[in-house]
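Open the model in your viewer and switch to a cartoon view. We will go from the overall fold to helix pairs, then to a single residue and a pocket.

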Amino acid sequence: MSGDTRERILTVANELFTEQGYEGTSLREIADRLDITKAALYYHFRSKDEILQTLLEPFDVLIEEMLQRLDDAHDVEAWNDVLTWIVGQIFDYLDFFRLVDRNRHVVDLQLARAERDHAEMHARVEAAAHAAASSVTEEVRMIAALGAVTGFDDWAPTLLKDADPLVLQRELSAVVRDILGVTQPV
């Protein structure tokens, strides 16, 4: 039952943080929506920051898996496969992207705390692209395709929220293929 309460807290916190923002949501509101005491809430989470950090953790797992897949990709076609996989994952994480879009400032502060990890991630991506590319042209295309996919939520949050997910997935995958110069699979 304790794990169930923890999950319910995270679900409600995610909803409230998305609806009214992290800064506009109090622990009291989360507890009230769940019909539990603040003390019960504190039993599971010491602070609102800890709740937010926990909500961000699944994305860290996704990023690590993407990095591992990029490390293992040894050519442009393999990068296409990884980026197409990431495009598919975007739609499994829509609630996360809505949370981030509504709370960009707070999420940026959380990410700034992990700056070392962010720098390591950039170095890993650059090394993976360099190792997989057979030319500077391919390396530029790999990084540009990755930027197109990973930056999509920053530049088009409304489109991500409102457009048909199947159309977005098809079009983003086509953009990746175009940037990489990979032909469409038959």
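Contact, on this tour, means heavy atoms within 4.5 Å. Keep in mind too that what you have on screen is a predicted model.

**Stop 1: the whole chain**

Color by secondary structure to begin. The protein chain has twelve helices and zero strands, so the pattern read along the sequence is α-α-α-α-α-α-α-α-α-α-α-α, with helices and strands taken as DSSP runs. Align the view to the principal axes, and the C-alpha atoms of the protein chain fill a box of roughly 60 × 35 × 30 Å.

**Stop 2: α4 against α5**

Select residues 48-72 for α4 and residues 76-90 for α5. At what angle do the axes of α4 and α5 cross? The angle is roughly 165°, and the axes come within 9 Å. Angles over 145 degrees count as roughly antiparallel, which makes α4 roughly antiparallel to α5. The crossing of these two helices is right-handed.

Now show side chains at this contact. On α4, pick L62, E65, M66, R69 and L70; they meet W79, V82, W85, I86 and Q89 of α5. Sorted by class, the contact of α4 with α5 has seven nonpolar, one polar and two charged residues.

**Stop 3: α5 against α12**

Keep α5 and add α12, residues 165-180. Helices α5 and α12 pack at an angle of about 160°, and their axes are 9 Å apart. With that angle, α5 is roughly antiparallel to α12. Look for a right-handed crossing where α5 passes α12.

For the side chains, select V76, W79, N80, L83, T84, V87, G88 and I90 in α5, then Q169, L172, S173, V176, R177 and L180 in α12; these two sets meet. The classes here are eight nonpolar, five polar and one charged residues. Pause on W79, which is listed in the contact of α5 with α4 and also in the contact of α5 with α12.

**Stop 4: α4 against α6**

Go back to α4 and select α6, residues 94-102. The axes of α4 and α6 cross at roughly 130° and come within 10 Å. That angle makes α4 oblique to α6. Which hand does the crossing of α4 and α6 have, left or right? Here α4 passes α6 in a left-handed crossing.

L52, L55, L56 and F59 are the α4 residues to show, and they meet F96, F97 and L99 in α6. This contact has seven nonpolar, no polar and no charged residues.

**Stop 5: M121**

Center on M121, found in helix α8, residues 115-132. Setting aside residues up to four places away in sequence, M121 touches I63 and L67. For a distance label, pick the C-alpha atoms of M121 and L56: the two residues are 65 residues apart along the chain, and these atoms are separated by 16 Å.

**Stop 6: the second largest pocket**

Last, turn on a surface. Rolling a probe the size of a water molecule over the atoms shows where empty space is left. The second largest pocket has a volume of about 230 Å³. Which of its 14 lining residues should you select to find the centre? The closest to the centre are N14, L55, P58, D95 and F96. The elements giving two or more residues to the lining are α1 (2-20), α4 (48-72) and α6 (94-102). By class, the lining has eight nonpolar, three polar and three charged residues.

Leave L55 and F96 highlighted as you finish: both are among the residues closest to the pocket centre, and both are listed in the contact of α4 with α6.

Note on methods:
Residues numbered from 1 in each chain as written. Predicted model: local features only at pLDDT ≥ 70, side-chain atom pairs only at ≥ 80, totals over all residues. Heavy atoms only, no water. 1 Å grid on protein atoms, 1.4 Å probe; cavity = no way out; pocket = protein on both sides within 12 Å on 5 of 7 lines; lining within 4 Å. Points joined across faces, edges and corners; volume = space filled by probe spheres on them. Helix = DSSP H or I, 4+ residues; strand = E, 2+ residues; numbered from the N terminus. Nonpolar A, V, L, I, M, F, W, Y, C, P; charged D, E, K, R; others polar. Axes fitted to C-alpha atoms, helices over the stretch in contact; angles between N-to-C directions. Parallel < 35°, antiparallel > 145°, perpendicular 65-115°, else oblique. Left-handed = near helix turned anticlockwise from the far one by under 90°.
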